[in-house]
Amino acid sequence: MIVCSCNVLSDHAVRGCLSGPDCPRTPAQVYRCLGCSPQCGRCAVTIRKILRGAEAASADAGACASPCPACPQARIADALDAALEDALAEPMAHPPRIVAAA
Ligand code: FES
């Protein structure tokens with residue numbers, strides 16, 4: 001189905017560019033990825049829906065095939081990494097005691 005009549009872009013073409021480390025996350029990035037630019041802009045809402053659908057499908061799958069910085073999965077992983085680093089950087093208030101077995 002044609003989603004952008006000005007640039008003759010199909011939904012298949014839009015979905016096709018939504019993979020890889022530099023996958024687009026905004027309609028403007030989709031236009032650039034497909035080598036064109038917005039003309040009237042009426043298709044931006046549809047392209048945004050395709051983007052959000054792909055993000056939701058990726059999140060439902062539990063992991064990205066190729067995570068990128070804008071990916072929700074990558075943001076969660078970065079937040080967990082930062083929290084872990086913070087926790088490891090603080091000295092333990094009550095370090096565990098090692099008790100020899102009798
Ligand atoms: S329909 Fe896509 S820019 Fe006009």
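Colleague: Is Arg15 buried, partly exposed or exposed?

Modeller: A good way to judge is to count neighbours: a residue is partly exposed when its count falls between the cut-offs of 12 or fewer for exposed and 20 or more for buried. In this predicted model, Arg15 has 15 C-beta neighbours inside 10 Å, so Arg15 counts as partly exposed.

Colleague: Thanks! Where does Arg15 sit, and which residues does Arg15 touch?

Modeller: Arg15 belongs to helix α1, which covers residues 11–16. Setting aside residues up to four places away in sequence, Arg15 touches Ile50 and Ala54. Take Ile50: Arg15 and Ile50 are 35 residues apart in sequence, yet their C-alpha atoms are 7.2 Å apart in space.

Colleague: How do I read Cys36 in the same manner? Is Cys36 buried or partly exposed?

Modeller: Count again. Cys36 has 14 other C-beta atoms within 10 Å, so Cys36 is partly exposed. You will find Cys36 in the loop between α2 and α3. Leaving out neighbours within four places in sequence, Cys36 is in contact with Asn7 and Tyr31. As for Cys6, this residue lies 30 residues from Cys36 along the chain, with 9.8 Å between the two C-alpha atoms.

Colleague: Now the whole chain, please. How many helices and strands are there, and what pattern do they follow?

Modeller: The protein has 4 helices and 2 strands. Along the sequence, the pattern reads β-β-α-α-α-α.

Colleague: What share of the residues is buried?

Modeller: Of the 102 residues, 13% count as buried.

Colleague: And which residues make up the largest nonpolar core?

Modeller: That core has 9 residues: Val3, Cys4, Leu9, Val14, Val30, Tyr31, Cys43, Ile47 and Leu51. At least two of its residues come from each of β1, α2 (27–33) and α3 (44–61). One of the core residues is Leu9; not counting residues up to four places away in sequence, Leu9 touches Ile2, Val3, Cys4, Val14 and Leu34.

Colleague: How many contacts join residues far along the sequence from each other?

Modeller: Start with contacts between residues at least 6 apart in sequence; among these, 40% join residues at least 24 apart.

Colleague: One last thing: which elements have the lowest and the highest mean pLDDT?

Modeller: Look at the average before the elements. The protein averages a pLDDT of 78, and 62% of the residues score at least 70. Among the elements, helix α4 (residues 72–89) has the lowest mean pLDDT, 61. Strand β1 (residues 2–4) has the highest, 97.

Methods:
Residues numbered from 1 in each chain as written. Predicted model: local features only at pLDDT ≥ 70, side-chain atom pairs only at ≥ 80, totals over all residues. Contact = placed C-beta atoms within 7 Å. pLDDT = per-residue confidence, 0-100. Core = buried A, V, L, I, M, F, W, Y, C linked by C-beta atoms within 7 Å.
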